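Student: Could you take me through one part of this model up close? I'd like to dwell on a single stretch of the fold and see how its pieces fit together.

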Amino acid sequence: MVKVTVLGAAGGIGQPLSLLLKLNPKVDELSLFDVVNVPGVGADLSHISTDAKTDSFLPSSKEDKTALGNALKGSNLVVIPAGVPRKPGMTRDDLFNINASIVRDLSQGIAENAPDAFVLVISNPVNSTVPIVAETLKKNGVFNPKKLFGVTTLDIVRANTFLAQLFPSEAKPTDFNVRVVGGHSGETIVPLYSVGESKKFYEKLSAEKKKELIHRVQFGGDEVVQAKNGAGSATLSMAYAGYKLAEAIITAQSSSSVVECTFLNLDSSIKGAAEAKKLVKDLEYFSLPVKIGANGIEEVKYDILNEATEEKQLLDVAIDQLTKNIEKGVAFIKK
Ligand code: APR
């Protein structure tokens with residue numbers, strides 16, 4: 001039985017993400033939760049003739065915790081795109097304070113109602129919201145580092161697409177699976193183009209072109225924000241990316257393990273995490289390729305950090321910034 005719950009299902013990301021999940025034949029139940037509009041989204045999706053049973057949950061008031069509990073009960077996988085996207089005039093701190101509270105309250109609901117579920121965090125800033133989820137689950141004594149994932153997949157998706165665009169007659173986006181490590185905003189995002197399938201194309205680029213390409217991956221989200229002209233940030237590509245990671249986890253439940261990059265807690269109970277931690281100046285969280293099996297993260301593939309000598313400087317900058325982002329998340333819960 002696979003039950004997936006989407007928290008923030010009526011939003012710009014939540015709706016297309018829920019649609020993609022509804023199309024997955026391995027999903028038996030799709031549970032949609034939001035604080036607005038979710039009955040309509042649920043009714044609409046429920047008419048699609050795929051097998052996933054669809055249900056929606058809307059709290060009757062701010063104090064109502066029952067709807068969230070009912071949405072979550074029995075879930076194996078919870079995806080969180082709830083929050084507010086950055087609007088013009090809003091600082092990153094404004095966004096942080098709103099989304100941090102939303103994510104904390106939803107995590108409390110997960111701890112109480114679906115303590116064994118896989119949790120995928122999309123709500124930004126992921127570098128800080130993932131520590132918030134972890135700390136909340138820890139407080140409740142139900143934290144499993146093997147099952148908590150910060151979704152950085154959109155950075156990989158962009159890295160593949162943008163490299164292929166530079167070689168239109170020689171390469172397609174699907175030729176690549178660029179390992180993108182670090183975090184999920186700006187300079188914390190480090191695409192390791194110098195290793196794997198991308199290497200032979202990347203080597204053909206001038207130093208200036210390489211710099212431009214990396215900058216485009218790190219700040220790709222801004223292209224969408226500008227093009228949407230005040231109407232929000234990436235939703236469709238983010239939904240695709242979130243679904244891709246959810247699908248990998250669902251697949252790993254019934255067949256062989258899969259490797260995906262994710263922002264994870266480098267807890268020593270995970271194979272390779274202690275080695276990874278040493279390579280990133282003892283950071284508690286970092287995005288790296290991981291092997292995912294039926295019970296979650298089985299192994300962290302840290303060797304890639306030794307191979308990527310060309311990106312050493314980028315990694316140093318990312319580690320520096322991430323330290324502050326992670327501290328901010330932890331401090332929010334501990335205050
Ligand atoms: N519980 C559940 N859902 C909530 C809550 C809450 N406490 N608070 C807000 N939401 C819902 C909103 O009602 C809305 O339907 O989250 C949804 C967010 O959707 P949008 O406003 O359309 O934002 P979106 O573009 O989907 O981005 C959501 O993902 O990438 C990040 O930075 C982005 O943090 C933002 C989040």
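What follows is a look at the start of the chain, with a few other spots after that.

Tutor: Sure, and keep in mind that this is a predicted model. Let's settle on strand 2, residues 29–33. Of its 5 residues, 4 are buried, so the rest of the structure largely encloses this strand. Burial here means under 20% relative accessible area.

Now look at what sits beside it. Strand 1, residues 3–7, runs parallel to strand 2, and 5 bridges join the two. If you want one contact to find your bearings, take valine 6: its bridge partner in strand 2 is leucine 32. Strand 3, residues 53–57, also pairs with strand 2 in the parallel sense, again over 5 bridges. Here a handy marker is phenylalanine 33, whose bridge partner in strand 3 is phenylalanine 57.

Next, the connections. Helix 1, residues 14–22, joins with strand 1 and strand 2 to make a β-α-β unit, and that unit is right-handed. From strand 2 the chain then crosses through helix 2, residues 38–46, to strand 3, and this β-α-β crossover is right-handed too. So strand 2 is a member of both units: the one with strand 1 and helix 1, and the one with helix 2 and strand 3, while 4 of its 5 residues are buried.

Further along, helix 10 (residues 236–254) is worth a glance. Its 19 residues reach 28 Å from first C-alpha to last, close to the 27 Å expected at 1.5 Å a residue. Several of its residues are buried, among them Met238, Ala241, Tyr243, Leu245, Ile249 and Ile250. In general, an α-helix has 3.6 residues a turn, so residues three or four places apart point the same way.

Then there's the empty space. The count comes to 1 cavity of 30 Å³ or more, and the largest cavity has a volume of about 50 Å³. Pro115, Val119, Leu137 and Asn144 are among the residues lining it. By class, that lining has 6 nonpolar, 1 polar and 1 charged residues.

The second largest pocket holds about 390 Å³ of space. It is lined by 13 residues, and Tyr202, Lys210, Lys211, Ile214 and Leu314 lie nearest its centre. Helix 8 (207–218) and helix 13 (312–334) each supply at least two residues of that lining, with helix 8 giving the most, 6 residues. The lining of this pocket divides into 5 nonpolar, 3 polar and 5 charged residues.

Conventions. Residues are numbered from 1 along each chain as its sequence is written. This is a predicted model: local features need pLDDT of at least 70, side-chain atom pairs count only at pLDDT 80 or more; totals for chains, interfaces and linings use all residues. Side-chain values use heavy atoms; hydrogens and water are left out. Buried means under 20% relative accessible area, exposed over 50%, partly exposed in between (1.4 Å probe, protein chains only). Two strands pair if DSSP finds at least two bridges between them. A crossover is right-handed if, with the strands pointing away from the viewer, the path from the first strand over the helix to the second runs clockwise. On a 1 Å grid over the protein atoms alone, a cavity is a set of points where a 1.4 Å probe fits but cannot get out, and a pocket is an open set with protein on both sides within 12 Å along at least five of seven lines; lining residues have an atom within 4 Å of a point. Grid points are joined across faces, edges and corners, and a volume is the space filled by probe spheres set on the points. Ala, Val, Leu, Ile, Met, Phe, Trp, Tyr, Cys and Pro count as nonpolar, Asp, Glu, Lys and Arg as charged, and the others, Gly among them, as polar. The expected span of a helix is 1.5 Å times one less than its number of residues.
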